[in-house]
Amino acid sequence: MGNLLEHMGIERDRINFSWISSAEATKFVEVVKEISNKVRALGPNKKLVKDYN
Amino acid sequence: MDTCIQKIREIAFQLLDKKEVERVIGFSNGTIPMATSPITIASKQDTEKLVFNSTCGLNLANYIRQQKGKIAVIAKGCDTRNIVTHIIENQVKRDQIYIIGVPCKGMINKSKIKALFEDEIIKFDEDGEILNVESSSKKEKLNKKDYLRHNCSLCQHRNPVIYDVLAGERVEEQIIDVPYPDVEKIAAMDADTRWGHFQDLTKNCIRCYACRNACPLCYCPTCFVDESGPQWVGKGQDKTDVNTFHFLRAFHCAGRCTDCGACVEACPMEINVRDFTRKLNKDSLDMFGWEAGLDLTKRPPLDAYSPDDPNHFIK
Ligand code: SF4
Ligand code: SF4
């Protein structure tokens, strides 16, 4: 799925997969932090955005 | 291929005559040249209506589901792979279908031929590798190999992989060194150019769903695009909705698509939706060594777990 989105031109770092157990709070925090940093670096998404106006 | 139609008619006649099957699904001539269309016949007198030539680009595996009794179907190499997929996915039972396999030398790209003429084509016939095409203003003799559909020019499974009878001699398989040149070409672009390519590709899409309807893989009773509660995707021509439709449709075909080209054949806007599915076909091959519909005994990669599955993307 990531590969096809990337092939279509969506930046790879916007698509993230993880497997976190409900007992793994620390891992959850880590993953979320990492993803937010990656996405922040990319800036706002301009592709595949629906304009409702 | 002209001789194989006699054979197809004979086989169909015998099957209906001996009541071995209730119906035969094949192709018949359409109302205009080069427009063969699917037909179901139930009486042996109608076998004369059956035709088979290089314009039979649709995939008849699409019509074998939910049939009562035993049916016969005429199938090219790629179509038989979709029949295998149907059997694996429990859509039909092997003993319900009688497969009349046709070794295939490729189907032609009708738009490319139409583009040679300014006016309407009024006559089309073929003589081996030569296509004779005629409009009111001119006549052309074309080499079939220059007018093959893109998928057929790259096809490596021209002979049926499963059949009860063959309607012609087996043909030589093509050896293709680079099976996905088109996918590689897109992959070599930068992200924004790739995005631009797909925007451009789908900009004329009218959401008629002919591509989905022609596809043997798309058999869900209610397709996600037609659901209204919840509504997964907008129904209009908003470009994000169009992209979402194409992206998700392709993804539903992952590891299942045989690149038969029926979707492109059906599209009235001449959109090469295979640009989406072929990326997934290439990934299936690269990551799982998988090509759809070749083996009745193997489970498709997305429905079986193996410890060797690539999992680098999971954190
Ligand atoms: S993809 Fe292969 S089997 Fe299918 S129509 Fe083309 S040449 Fe024939
Ligand atoms: S057949 Fe063509 S125009 Fe119709 S929905 Fe598919 S891609 Fe769009």
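The following exercises, with worked solutions, treat the strands, ligand shells and backbone geometry of chain B in a predicted model.

Residues are numbered from 1 along each chain as its sequence is written, while chains are lettered from A and ligands numbered from 1 in the order in which they are written. Local features need pLDDT of at least 70, side-chain atom pairs count only at pLDDT 80 or more, totals for chains, interfaces and linings use all residues, and side-chain values use heavy atoms, with hydrogens and water left out.

**Exercise 1. Determine which strands of chain B pair with strand E1, and in which sense.**

Solution.

Step 1. Fix the terms. Helices (H or I, at least four residues) and strands (E, at least two) are DSSP runs numbered from the N terminus. Two strands pair if DSSP finds at least two bridges between them. In general, strands of a sheet pair through backbone hydrogen bonds, either parallel or antiparallel.

Step 2. Locate the strand. E1(B) spans residues 23-28, and five of its six residues are buried, where buried means under 20% relative accessible area, exposed over 50%, and partly exposed in between (1.4 Å probe, protein chains only).

Step 3. Take the parallel partner. E1(B) runs parallel to strand E4 (residues 71-75) of chain B, joined by three bridges; Ile25(B) has Val73(B) as its bridge partner in E4(B).

Step 4. Take the antiparallel partners. Strand E2 (residues 37-41) of chain B pairs with E1(B) over five bridges, and Gly26(B) is matched there with Ile39(B). Strand E3 (residues 50-51) of chain B pairs with E1(B) over two bridges, with Val51(B) as the bridge partner of Phe27(B).

**Exercise 2. Establish the strand order, edges and twist of the open sheet of three strands in chain B.**

Solution.

Step 1. The order is E6-E7-E8 (chain B), and the pairing is antiparallel.

Step 2. Strand E6 (121-127) and strand E8 (139-143) of chain B are the edge strands, since each pairs on one side only.

Step 3. From one strand to the next, the twist averages 20 degrees; axes are lines fitted to C-alpha atoms, for helices over the stretch in contact, and angles run from 0 to 180 degrees between N-to-C directions.

Step 4. Strand E7 (residues 130-135) of chain B and E8(B) share five bridges. Asn132(B) has Lys141(B) as its bridge partner in E8(B). A hairpin of three residues joins E7(B) to E8(B).

**Exercise 3. Describe the residue shells around ligand 1 and ligand 2.**

Solution.

Step 1. Set the criteria. A residue is near a molecule or strand if one of its heavy atoms lies within 4 Å of it. Ala, Val, Leu, Ile, Met, Phe, Trp, Tyr, Cys and Pro count as nonpolar, Asp, Glu, Lys and Arg as charged, and the others, Gly among them, as polar.

Step 2. Treat ligand 1. The residues around ligand 1 include Cys78(B), Cys104(B), Cys152(B), Cys155(B) and His157(B). Helix H2 (77-88) and helix H4 (150-153) of chain B are the elements that give two or more residues to this shell. Its classes are five nonpolar, four polar and two charged residues.

Step 3. Treat ligand 2. Among 14 residues, those that come nearest are Cys205(B), Cys208(B), Tyr209(B), Cys211(B) and Cys267(B). Helix H7 (210-214) and helix H8 (239-252) of chain B each supply at least two residues. The division is 12 nonpolar, one polar and one charged.

**Exercise 4. Identify where the backbone of chain B shows a positive phi outside glycine or a cis peptide bond.**

Solution.

Step 1. State the reference. Most residues other than glycine have a negative phi, and most peptide bonds are trans.

Step 2. Examine Met34(B). Phi of Met34(B) is near 70 degrees. Met34(B) lies in the loop between E1 and E2 of chain B and is buried, because its relative accessible area is 6%.

Step 3. Examine Asn90(B). Its phi is positive, about 60 degrees, and Asn90(B) occupies the loop between H2 and strand E5 (97-101) of chain B. Asn90(B) is exposed, because its relative accessible area is 67%.

Step 4. Examine the peptide bond. The bond from Gly229(B) to Pro230(B) is cis, with omega near -5 degrees, and Pro230(B) lies in the loop between H7 and H8 of chain B.
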